[in-house]
Amino acid sequence: PIRGERVSFVFFPSPEAENVRARIVFNAGIPEERALEVLKEVEASLEVAMNDLAPEEELVTAVFSTLGRAGNSVGDNLAEMRVQLSSSEVRTVRTPAIVRAWRKAIPKMTGIRRVAIFETRGGPPGRDIDLEITGPDAAVLKQAASELIPVLSAINSASGVSDDLPYGKPELVMELKPRGAALGFSIDEVGTQVRNAFEGAVPRRFADGDDEITIRISRTSRDIGGAKLRNLELISPSGEFVPLTEVVTLREKQGFAAIQRENGKTKVSITADLNTEIMTTDKAIEILESQGQLAAIVEKYGLDYEFGGRDKERRKAFTALTTGTYVALAVIYIILAWVFGNYFRPIAIMLIIPFGIVGAVVGHWLMGFQLTILSFIGLLGLAGILVNDSIILVSRLDERLSWGESLYEAAVGASRARLRAVLLTSLTTIGGLIPLMFEKSLQAQFLLPLAITLVLGLGLATLPVLFLVPALIGVGADIHRGIRSVFGNLEARKVEPAE
């Protein structure tokens, strides 16, 4: 089922979200009055969408709007709407349908650059797709991100595609002129004088009892706006007053509201949500890397990239899970070898574990569930239960061998004698998990893969324990006799006296 893609894998299926967010990016310089009007129109489109979906139900309980901030980004051209939905247990419309309906109902409006609507889901941090690109220049990263957003949006079921490098207020960039350098100015000295002129210089601080008094000196100017900066005069090292425009060139540049850096490099994250029933994160990443568009854009701008978010958490989790699996199997083998005083018996006992894995995968396929990280964690617990069943059987088999019975008689007798004990060990576990398998609560659905792994894995592997383990012990005994017959004859020939 896994190779044939009948059973897909999703790292962690989040419970149905009861919160929806809309991040709105306006065109730079939009008036505040127009931004507030846009927010009202977006909220009105939400009400229209809810009435079209279920006019008789109350799907939305509260709406909160924030102008000037969206997530961790701050800027006058940003806004965010947080929508609190009614409980998923009482409404008949699912959250993904609400997101699609709201996105479709938003009208085309002037002043908006992009609107991203997505669910606020629980589970591991990060979103389903989190493409992190790094490079030395923020402007280049923004240009690459603007080309990558349509690529991610083309992925089936992708929604809420956005980046975390929003445009902010326009900036004035100062560059030192040759004339300014000849007058003895440096760009650092220019920046210090400009800052002191607007923010004020602090020549002294002194204590007044328990308080600290700060003396700040600032300039006053009759000019306002950009003229206040352009008419500013600087003091040269020789003590002369020189106009700022004679020392530096001023040019306008589009700035950014927030710039993220990691390990000394500027980083931009392009994120998106997926409907994991249609497209899993692994499959989406495979499509992005196989199409070649991602690699072409990254190579075009000379950037580096990696996938973070839930894919990064998945890699970390599987690294730890792999190490834990090796340690668990090694500990099980050591304990069994010590208890039975035999190196082969633990292998015969542990070979029943793959049958449980097959049962778990087939169970997910039959019940229409995806494999999750909880499914693999459940496999560790399943291995311990199956080993317990095998120990019960092997202990009885060794006991009958000590009575003088042949291996065949001991194996058959042990399977008969321990049939009830093995069945009870498995059935009590299965019975305890059956209620969870049929739990209808939407918030508990992410636990079902764990229950399916244990119940179906045990159900398929319980009876093979009674047949397979004795057969494997018999195979081991045959191999042991064969080895002894070969090497025993060799030893006998070595000790034969010469004629």
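**Stop 1: helix 10**

Select helix 10, residues 309-340, in this predicted model. Colour its buried positions: G309, R310, D311, R314, L321, L336, A337 and F340. What do these buried residues pack against? Show strand 5 (129-135), helix 8 (281-291), strand 15 (304-307), helix 11 (345-350) and helix 13. The buried residues of helix 10 pack against those elements.

Now check the helix length. Helix 10 has 32 residues, and at 1.5 Å a residue they should span 46 Å. Put a distance label on the C-alpha atoms at the two ends: they are 47 Å apart, which agrees with the expected span.

Step just past the end of helix 10. G341 sits there, with a positive phi of about 60°.

**Stop 2: strand 5**

Move to strand 5, one of the elements packed against the buried residues of helix 10. How many of its seven residues are buried? Seven of the seven are, so strand 5 is largely enclosed by the rest of the structure.

Show the side chains. In a regular strand they alternate between the two faces of the sheet. In strand 5, I129, L131, I133 and G135 point one way. D130, E132 and T134 point the other way. Both sets are buried, including the acidic positions D130 and E132.

Next, select the neighbours of strand 5. Strand 14 (residues 265-273) runs antiparallel to strand 5, joined by seven bridges. For a landmark, pick G135: T266 in strand 14 stands opposite. Strand 15 is also antiparallel to strand 5, with four bridges. There the landmark is L131, which stands opposite F307.

**Stop 3: the aromatic pairs**

Stay on F307. How many aromatic pairs does a search of the whole structure find? The search finds two. A pair of rings is described by the distance of the centres and the angle of the planes.

Select Y305 with F307. The ring centres are 6.0 Å apart and the planes stand at 90°, so this pair is edge-to-face. Are the two residues buried or exposed? Y305 is partly exposed, with a relative accessible area of 32%. F307 counts as buried, at 6%.

Now select F318 and F376. This aromatic pair is edge-to-face as well, with 5.4 Å from centre to centre and 75° between the planes. F318 belongs to helix 10, and F376 to helix 13 (residues 373-402). The two are 58 residues apart, and the pair links distant parts of the chain. F318 is partly exposed, at 21% relative accessibility. The buried class ends at 20%, so F318, at 21%, counts as partly exposed. F376 is partly exposed too, at 27%.

**Stop 4: the cavity and T280**

Return to the start of helix 10 and turn on a cavity display. The count comes to one cavity of 30 Å³ or more. The largest cavity has a volume of about 90 Å³.

Which residues line the largest cavity? Select F9, V10, F11, F12, D128, T276, T280, T281, D282, R310, D311 and R314. Helix 8 and helix 10 are the elements that give two or more residues to this lining. Helix 10 has the largest share, three residues.

Centre the view on T280, one of the lining residues. T280 lies in the loop between strand 14 and helix 8. T280 is buried, with a relative accessible area of 9%. Show its contacts beyond four places in sequence: T280 touches S8, F9, L274 and Q370. Of these, F9 is also among the residues that line the cavity.

**Stop 5: strands 1 and 4**

Select strand 4 (residues 112-119). Six of its eight residues are buried, so strand 4 is largely enclosed by the rest of the structure. Add strand 1 (residues 19-26), which pairs with strand 4 in the antiparallel sense over seven bridges. To check the register, pick V20: its bridge partner in strand 4 is E119.

**Stop 6: D188**

Finish on helix 5 (residues 187-199), where D188 is placed. Is D188 buried or exposed? D188 is exposed, with a relative accessible area of 60%. Add L176, 12 residues away along the chain. The C-alpha atoms of D188 and L176 are separated by 9.9 Å.

Technical notes:
Residues numbered from 1 in each chain as written. Predicted model: local features only at pLDDT ≥ 70, side-chain atom pairs only at ≥ 80, totals over all residues. Heavy atoms only, no water. Phe/Tyr/Trp six-rings, centres within 6.5 Å; stacked < 30°, edge-to-face > 60°. Buried < 20%, exposed > 50% of the residue type's maximum accessible area, 1.4 Å probe, protein only. Expected span 1.5 Å × (residues − 1). Contact = heavy atoms within 4.5 Å. Pairing = 2+ DSSP bridges. 1 Å grid on protein atoms, 1.4 Å probe; cavity = no way out; pocket = protein on both sides within 12 Å on 5 of 7 lines; lining within 4 Å. Points joined across faces, edges and corners; volume = space filled by probe spheres on them.
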